[in-house]
Amino acid sequence: MTTPDHLAHSDVAYQLHAYTNARRHREEGPCIMDRGNGIHVYDTAGKEYIEGMAGLWSVAVGFSEPRLARVAYEQMQRLPFYHTFSHKSNVPSIELAEKLIGLTGGRMAQAFFTNSGSEANDTIVKMVWYYNNALGRPEKKKIIARQRGYHGVTVASASLTGLAGNHRSFDLPLPRILHARCPHWYRESLPGEIEAAFADRLAAELEALILAEGPETVAAFIGEPVMGAGGVIVPPEAYWPKMQAVCRKYDVLVIADEVITGFGRTGRMFASDLFGIEPDFMTLSKQLTSSYQPLAAVLMNERVASVITRHSGELGTFGHGYTASGHPVAAAVALENIRIIEERGLVDNAAAAGAVLQRRLRELADHPLVGEVRGVGLIAAVELVADKASRAPFDPAGLAGARVVRQAQDNGLILRGIQDSVAFCPPLIITEAQVGTLADRFARSLEEVAKTL
């Protein structure tokens, strides 16, 4: 039998980890998870943790859901793989595409499937360029993303991502990718600037950027309705309507990256509904299958889909796709996952349990280490500061956040440190009572770290 010590040694020796300091990993080793159940996961020593990040913002229905395992097994027996190239298809992918378009109320027209959100956003970049070439606008190719935005790690999607750690030593971002200001009022506002005025300024900056580059060269604007990996940034109420109005003025496509926020995270099926976004493209992944299977979807409206369809006829093909696009097992799991979300009222639960989460975290707002508490539904962050009055961050950045996350793990709660913001994103199945336990463990961890700083 393989022992935990042997596993840890093999992990360090043979596996390069994502988003990890590889040198430090050789010294510290891994925390190896062995099983999961509901909102909990258990390491190889048997210790139980509340998974306060739903894995990677993604396990909506919780761990070890038997219905998803059964559906995957049944589809494996019936048709374990087929592709969607050259007029071929399969039943689950067809049904999933129809379901997703239906969930948008018909605002979107067609779906294209990939394996990950990164691939989906890479695909959108290519589709935007393809679309403008079809319309005879070969110069209209620049895409505006945002500082601290996160859209993936493949070459094009990492360029859209506005985080330095995704660019350093990778020779990114690519040309034709621009970044506008992050809509974080707490950090980016001017002295005395209220949120409405801050939204006005960011919209004016977007317009100035488009005009400086030339509207004939700017093709699209991409953003997460609520930023995730950039620190759970909830924009001001007026932000999205104003940014969208600028885009429409200059015929700039709007891309809503709902990889984290889709399927109920904010208390609405899609966060675009909450913030009044009418996207030309939507990116979906993570909670689409609760990450039980790798799957993502690009949804596009009729305006875009009709042009792509016409141009593929002119060229003879739409020359893009992945071996596993529309994979039947992943699509079957996604369909069952969405049924569970609907049948169990998990969108409403995210709103109700999310209200408790937001309230309990805001009770910590007066703590000397807490600068800001922010969030909506079942996604939140607590930003830690060295000085509350001046909002001064810790030096070095990330010190306090890492300590609190480490202490929380010792206390049986897995969270994520984003510099000195501590992120929360529990499974959508979490109960209000379980939210209370989560909040208690965090508050205890925060206090224990405060005594050492």
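This is a short walk through a predicted model, from its helices to its cysteines and some loop residues.

Let's begin with helix 16, which covers residues 432–450. With 19 residues at 1.5 Å a residue, helix 16 should span 27 Å, and its end C-alpha atoms are indeed 27 Å apart, so the expected and modelled lengths agree. Now look at which of its residues are hidden from solvent. The buried residues of helix 16 are Val 435, Gly 436, Leu 438, Ala 439, Arg 441, Phe 442, Ser 445, Leu 446 and Val 449. When you read that list, it helps to recall a general point: an α-helix has 3.6 residues a turn, so residues three or four places apart point the same way. Note that the buried set includes Arg 441 as well as residues such as Leu 438 and Phe 442.

Next, turn to a pair of helices that touch. Helix 5 (residues 91–103) packs against helix 13 (residues 328–343) with the axes 8 Å apart and an angle of about 40° between them. Angles under 35 degrees would count as roughly parallel and those from 65 to 115 as roughly perpendicular; helix 5 and helix 13 are therefore oblique to each other. The crossing of helix 5 past helix 13 is left-handed. On the helix 5 side, the contact is made by Pro 92, Ser 93, Glu 95, Leu 96, Lys 99, Leu 100 and Leu 103. Helix 13 meets them with Pro 328, Ala 331, Ala 332, Ala 334, Leu 335, Ile 338 and Glu 342.

What about the cysteines? A disulfide is a covalent bond between the sulfur atoms of two cysteines. The cut-off used here is a pair of sulfur atoms within 2.5 Å, and by that rule the count is zero disulfides. Two cysteines show why. For Cys 31, the closest cysteine sulfur is in Cys 425, 19 Å away, which is too far for a bond. For Cys 182, the closest one is in Cys 247, at 16 Å, again too far. The surroundings of these two can be described as well: Cys 31 is partly exposed, with a relative accessible area of 37%, whereas Cys 182 is buried, at 0%.

The loops hold some backbone features you may like to inspect. Most residues other than glycine have a negative phi, and most peptide bonds are trans. Against that background, the peptide bond from Leu 172 to Pro 173 is cis, with omega near 5°. Pro 173 sits in the loop between helix 7 (155–160) and strand 6 (177–180). Another cis bond joins Asp 395 to Pro 396, with omega about 5°, and Pro 396 is in the loop between strand 12 (379–384) and helix 15 (399–410).

That loop between strand 12 and helix 15 also holds Arg 391, whose phi is positive, near 65°. Arg 391 counts as partly exposed, at 29% relative accessibility. Phe 263 has a positive phi too, near 70°, and is found in the loop between strand 8 (253–257) and helix 11 (271–275). Phe 263 is buried, with a relative accessible area of 0%.

One last stop is Ala 18, in the loop between helix 1 (4–14) and helix 2 (22–28). Ala 18 is exposed, with a relative accessible area of 65%. Measuring C-alpha to C-alpha in your viewer, you should find Ala 18 and Ser 312 to be 37 Å apart in space, with their positions 294 residues apart in sequence.

How values were computed: Residues numbered from 1 in each chain as written. Predicted model: local features only at pLDDT ≥ 70, side-chain atom pairs only at ≥ 80, totals over all residues. Heavy atoms only, no water. Helix = DSSP H or I, 4+ residues; strand = E, 2+ residues; numbered from the N terminus. Expected span 1.5 Å × (residues − 1). Buried < 20%, exposed > 50% of the residue type's maximum accessible area, 1.4 Å probe, protein only. Axes fitted to C-alpha atoms, helices over the stretch in contact; angles between N-to-C directions. Parallel < 35°, antiparallel > 145°, perpendicular 65-115°, else oblique. Left-handed = near helix turned anticlockwise from the far one by under 90°. Contact = heavy atoms within 4.5 Å.
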